[in-house]
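Colleague: I should like to understand how the strands of this protein model are arranged. May we go through its sheets step by step?

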Amino acid sequence: MHEFHGEECGKRLSGMIQFPTLSAPVDEDMDFAPFLEMQAYWKKTYPLLHEKLSFRQVGKAGCLYRWKGTGKGNLPPLMLMAHQDVVPAGDPGAWKYPPFSGTIDQGAVWGRGTADCKGQICAQMEAVEALLEEGYQPDYDLYLFYGYNEEVMSSPEVSAAAIAARELEAEGIRFGGILDEGGGVLDGSRWGVPSGLCTIIMAEKGYGDFEITATCPGGHSSKPYPNGALTKIAKAILAIEENPFPYRLTETIRNRFQTLAPYIAKDNPELGRLLEDMEGNWEALQPWIASDPEVSAMFHTTMAPTMASGSEQANILPATARVVVNCRLLEGDTLESVEAHIRSLLEPGMEVRLLRGSNPSAQSVYEGKLKDLIVQICRERYGEIVAIPDLMLGGTDAKHMYGLSDRVYRFSPFYKDEGISGAHAANESIALKTLAGGCAVYYELLKGYRGV
């Protein structure tokens, strides 16, 4: 096994963090210079990768690499993914170190993108470069893809991942597996698992931003009238909260909790018993599902009012008031069905408009050689972890890839509770030890892959 040194890997990741690769929903609003500068840095930092792998630009700054294999065994290709873009840093004063400094201190690399998800790009490139240094060539074709507009949930028309998927599908390429960010090895104590919990995410919820608008005559605040625009919006918000989507049981979540049931039963025998037969105990499980927002979100489409506006001055009655409701769609719901539900809760005359969104992803196949390999490698590195299929409550570029593979997994190679923090928050960081561990997981995965 190749030995990865966290200090060396961390220095190379630090260089990536120093490029402020911020994204926007449309290309015209983006500054692509930091992306292109970071890619030039990659060429200098990983010379063998850029010498031996072919390269294709996707969209304005997407990167698609191909490592051509020997062809022995007729193995299907494999793809590793991550994204180059990061979210804004927010208040610089909230950071212990400047957010784009890539400071290395206290055994970690600090800065925006360390956890989400340049650390993953670094680990993938480190693994490939190490294998090339050893003269290794896979028997299968390996693809690396790095998009540039994941964080802004770009539409399929402009998403770099969607563009890459269309190009590869047109070429007739089918992958044995595709691995993007998400999941990984976590502390399992919350679920009664004494060792780590290896989560391999099979699918992700859909996404929808719906704008609700109410209009009224407006006027001076000294002469208010009943049921004005802002009052209608307030009623709509309450109606949405009081009329949630009902809970439903999907195959992925059933498998997740039935795997965990014996461990949960150690501390909570009654709950463990109920989870062994979720359909049969569905009514009895409702209070438990509702008691935890994270658990609740796994079982239904969520609706969260997040942005509201009325007049621009305190003494003006708004002629128009708006609220944006962010929805995360469970398998079985669609953007159309969610919009219809929201409409059914509004007063006559109010408008609903979909600002952007995507339907829930398809479901991946869980069992097989690829899943077994991931679990085996994690157990060798992190101990007797318990593996479960899982659902992504947020969104990733992986949702665009289901036309290319039956196994689109979201799996990060890090032990997250031992050294990753602050994704999308101040003081984002990744421990050097954790980064080196992720490099080793990818290294073993690329050497061990033998199809699905």
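**Two open sheets and their neighbours**

Colleague: Which are the edge strands of the sheet with the order β4-β5-β19-β18?

Modeller: The model is a predicted one. In this open sheet of four strands, the pairing is antiparallel. An edge strand here pairs on one side only, and that holds for β4 (104-105) and β18 (420-421).

Colleague: Which residue is the bridge partner of Ile104 in β5?

Modeller: Strands of a sheet pair through backbone hydrogen bonds, either parallel or antiparallel. β4 and β5 (residues 108-110) pair in the antiparallel sense, over two bridges. In β5, the residue bridged to Ile104 is Val109.

Colleague: At about what angle does helix α13 run to β19?

Modeller: Two helices may be considered here. Helix α1 (residues 6-17) lies across β4, β5 and β19 (429-431), and runs at about 5 degrees to β5. Helix α13 (residues 432-448) lies across β4, β5, β18 and β19, and its angle to β19 is about 75 degrees.

Colleague: Why is one side of β12 and of β15 left without a neighbour in the sheet?

Modeller: These strands belong to an open sheet of four strands with antiparallel pairing, in the order β12-β14-β10-β15. β12 (302-309) and β15 (351-358) stand at the edges, so one side of each has no neighbour in the sheet: each has a single partner strand. From one strand to the next, the twist averages 20 degrees.

Colleague: Which residue of β14 is the bridge partner of Asp209?

Modeller: Strands β10 (residues 206-215) and β14 (residues 320-329) run antiparallel and are joined by ten bridges. In β14, the partner of Asp209 is Asn326.

Methods. Residues numbered from 1 in each chain as written. Predicted model: local features only at pLDDT ≥ 70, side-chain atom pairs only at ≥ 80, totals over all residues. Heavy atoms only, no water. Pairing = 2+ DSSP bridges. Contact = heavy atoms within 4.5 Å. Axes fitted to C-alpha atoms, helices over the stretch in contact; angles between N-to-C directions.
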